[in-house]
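Good morning, and thank you for joining this group meeting. I ask that you keep the sequence and the structure in view while I speak.

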Amino acid sequence: MNKKKFFIITMSFLLSSTLAFTADSPDWYQFVQSIWVESENARADLLQTSKSEQADARVNSLRTSLDENICLLRSDCVKRVNELKATEAVNVQDYLPENPMLDGSVDYLEQIQKALNENRCVKFTGSDDPVHPLIYGMSSELIVPEGHILLGDAT
């Protein structure tokens with residue numbers, strides 16, 4: 001696979017992933033949709049371009065534009081995550097017993113699943129200590145309902 005096709009496929013994947021992540025916010029959706037349209041137009045342009053210099057110039061232009069847009073999206077994502085943590089997110093520890101064992105030795109799947117089922121946004125707090133992280137023990141796979149969000153928080 002040549003570099004141009006790989007770039008187009010990668011860019012399309014990144015943009016479609018971002019679109020799925022941000023679809024619940026109208027402003028984000030419009031922003032991501034405009035990037036998606038730009039990538040689709042670029043794909044069509046590249047497939048129709050016969051001269052490699054023109055294709056290389058278009059790819060470089062897209063790369064620059066995509067880098068700028070990814071920085072903006074990343075900034076918006078951080079802002080949105082912080083808003084969720086501050087307003088909507090429920091701390092998963094509110095569903096655990098008092099003084100839980102957060103070293104992975106106790107199965108809290110039932111309590112964590114209940115927290116997810118009852119709340120659109122659930123925050124897992126951490127210890128902010130790489131030597132002694134908080135480990136939420138679960139005996140099997142957690143099922144995240146559609147449209148629900150899991151967030152991590154250092155403290």
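Glu-118 has a relative accessibility of 48%, and because the partly exposed class extends from 20% to 50%, this residue counts as partly exposed. Please bear in mind that we are looking at a predicted model. The side chain of Glu-118 forms a salt bridge with that of Lys-114, at 3.9 Å from N to O. Lys-114 is likewise partly exposed, with a relative accessible area of 45%. Both residues belong to helix H4, where four residues, about one turn of the helix, separate them.

How many salt bridges does a search of the whole structure find? It finds two. The other one brings the side chains of Arg-120 and Glu-88 together, at 2.9 Å from N to O. Arg-120 sits in the loop between helix H4 (109-118) and E2, while Glu-88 sits in the loop between helix H3 (52-87) and E1, so this salt bridge ties together parts that lie 32 residues apart in sequence. Arg-120 is partly exposed, at 31% relative accessibility, and Glu-88 is partly exposed as well, at 35%.

Let us now turn to the chain as a whole. The protein chain contains four helices and three strands, and their pattern along the sequence reads α-α-α-β-α-β-β. Of its 155 residues, 31% are buried. The accessible surface comes to about 10000 Å², and carbon and sulfur atoms account for 53% of that surface. If we take the contacts between residues at least 6 apart in sequence, 70% of them join residues at least 24 apart.

The next topic is the sheet. The three strands form an open sheet in the order E1-E2-E3, with parallel pairing. At the edges are strand E1 (90-91) and strand E3 (149-153), each of which pairs on one side only. Strand E2, residues 121-125, runs parallel to E1 and is joined to E1 by two bridges. One residue of E2, Lys-123, is the bridge partner of Asn-91. As a general point, strands of a sheet pair through backbone hydrogen bonds, either parallel or antiparallel.

I come now to the interior. In soluble globular proteins, nonpolar side chains tend to be buried together. In this model, the largest nonpolar core has 12 residues, including Val-92, Leu-96, Ile-112, Leu-116, Val-122, Phe-124 and Tyr-136. Which elements give two or more residues to this core? They are H4 and E2, and H4 supplies the largest share, four residues. Another core, of five residues, lies apart from this one, and among its members are Leu-84, Cys-121, Ile-149 and Leu-151.

I shall close with Phe-124. Leaving aside its neighbours within four places in sequence, Phe-124 is in contact with Val-92, Ile-112, Tyr-136, Leu-150, Leu-151, Gly-152 and Asp-153. Both Phe-124 and Tyr-136 are buried. How many aromatic pairs does a search of the whole structure find? The search finds one. Its rings, those of Phe-124 and Tyr-136, have centres 5.1 Å apart and planes at 90°, so the pair is edge-to-face. This pair links distant parts of the chain, since Phe-124 is in strand E2 and Tyr-136 is in the loop between E2 and E3, 12 residues apart.

Key. Residues numbered from 1 in each chain as written. Predicted model: local features only at pLDDT ≥ 70, side-chain atom pairs only at ≥ 80, totals over all residues. Heavy atoms only, no water. Pairing = 2+ DSSP bridges. Salt bridge = Lys/Arg side-chain N within 4 Å of Asp/Glu carboxyl O. Buried < 20%, exposed > 50% of the residue type's maximum accessible area, 1.4 Å probe, protein only. Core = buried A, V, L, I, M, F, W, Y, C linked by side-chain atoms within 4.5 Å. Contact = heavy atoms within 4.5 Å. Areas by Shrake-Rupley, 256 points an atom, 1.4 Å probe, with all protein chains shown as cover. Phe/Tyr/Trp six-rings, centres within 6.5 Å; stacked < 30°, edge-to-face > 60°.
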